Amino acid sequence: MNINIEDLLKNEGSSLEIDYKGSVEGLESTVDSYTFKGPISFKGSLQNNKGKLHLTGLVSLEYSSPCFRCLEDVHGSAEIPVKEDILHVDKVTDKDDVFTYEGDYLNLDKILLDYIILNLPMKQLCKEDCKGLCPVCGTNLNEATCNCEEEKEINPKFDILRKFFE
Ligand SMILES: [Zn+2]
Ligand SMILES: [Zn+2]
């Protein structure tokens, strides 16, 4: 998403309303275990503070991702507050530390991408007490039981063998 900041830069103290719905470049490929449903929205404003741009707003998105334990699809949504200063590229010595702008357009994708990645849950569970999959036979233990656990306890030799191979 490129925002025309030509007028904003001309008037110190002025601000620009942003109401965006669409995609965020690089998002799907960065967090490829997530599927995003519908457009990602960003509502906020950009303020010219003596040539330093101050971005505030809220990113809203809906997604689904596999449960960390049982791999069932889990639906989730997030509202992520964004607060960021964006400096002119000439005023910055280390570009890796801050977001910068250059010319008459500001690309918001990089900023939104950063905020989204940092705020998505890394390990999402379908429910707090999800039992997960049996590591031996793969049965979803929320839906069925299997005998793997019992056999292991009955047969201590199996455990010794397993440790040997680990
Ligand atoms: Zn689960
Ligand atoms: Zn099993």
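## Close-up views of a predicted zinc-bound chain

**View 1. Strand 4 and strand 5 pair in the antiparallel sense, joined by 14 bridges.** This is a predicted model in which local features need pLDDT of at least 70, side-chain atom pairs count only at pLDDT 80 or more, and totals for chains, interfaces and linings use all residues. Side-chain values use heavy atoms, without hydrogens and water; residues are numbered from 1 along each chain as its sequence is written; chains are lettered from A and ligands numbered from 1 in the order in which they are written. Two strands pair if DSSP finds at least two bridges between them. Helices (H or I, at least four residues) and strands (E, at least two) are DSSP runs, numbered from the N terminus. One bridge to look for links Glu 62 to Ser 77, its partner in strand 5.

**View 2. Helix 3 packs on the sheet.** The helix touches strand 3, strand 4, strand 5 and strand 6. Contact means heavy atoms within 4.5 Å. The direction of helix 3 makes about 135° with that of strand 5. Axes are lines fitted to C-alpha atoms, for helices over the stretch in contact, and angles run from 0 to 180 degrees between N-to-C directions. Asp 109, Ile 111, Leu 112, Leu 113, Tyr 115 and Ile 116 are buried in helix 3. Buried means under 20% relative accessible area, exposed over 50%, and partly exposed in between (1.4 Å probe, protein chains only). The cover over these buried residues includes helix 2 (27-30), strand 3 (35-49), strand 4, strand 5, strand 6 (99-101) and strand 7 (105-107).

**View 3. The sheet is open and holds 5 strands.** Their order is 2-3-4-5-6, with mixed pairing. Strand 2 (15-22) and strand 6 are the edge strands, and each pairs on one side only. From one strand to the next, the twist averages 25°.

**View 4. Four cysteines bind the zinc ion (ligand 1).** The protein donors are the SG atoms of Cys 67, Cys 70, Cys 126 and Cys 130, at 2.3 to 2.4 Å from the ion. Donors are N, O and S atoms within 2.8 Å of the metal (3.2 Å for Na, K and Ca); water is not among the atoms, so sites may look incomplete. The 4 donor atoms give angles of 106 to 115°, and the site is tetrahedral. Four donors count as tetrahedral if all angles lie between 85 and 135 degrees; four count as square planar and six as octahedral if opposite donors are over 155 degrees apart and all others between 65 and 115; anything else is irregular. The donor residues follow the spacing C-x2-C-x55-C-x3-C in sequence. Cys 70 sits in the loop between strand 4 (52-66) and strand 5 (73-88), and Cys 126 in the loop between helix 3 (109-119) and helix 4 (148-154), so this pair ties together parts that are 56 residues apart in sequence. Cys 70 is buried at 4% relative accessibility. Cys 126 is partly exposed, at 33%.

**View 5. The zinc ion (ligand 2) has four cysteine donors.** The SG atoms of Cys 134, Cys 137, Cys 146 and Cys 148 lie 2.2 to 2.3 Å from this ion. The arrangement is tetrahedral because the 4 donor atoms subtend angles of 105 to 114°. In sequence, the donor spacing reads C-x2-C-x8-C-x1-C. Cys 137 is partly exposed, with a relative accessible area of 44%.

**View 6. Lys 50 and Leu 71 have positive phi values without being glycine.** Most residues other than glycine have a negative phi. Lys 50 has a phi of about 55°. This lysine is in the loop between strand 3 and strand 4 and is exposed at 67% relative accessible area. Phi of Leu 71 is near 70°. Leu 71 belongs to the loop between strand 4 and strand 5. Its relative accessible area of 55% makes Leu 71 exposed.

**View 7. Lys 91 lies in the loop between strand 5 and strand 6.** The residue is exposed, with 66% relative accessible area. Its C-alpha atom is separated by 9.6 Å from that of Lys 52, 39 residues apart along the chain.

**View 8. The whole chain has 5 helices and 7 strands.** Along the sequence, the pattern runs β-α-β-α-β-β-β-β-β-α-α-α. Of its 166 residues, 34% count as buried. Among contacts between residues at least 6 apart in sequence, 57% join residues at least 24 apart.
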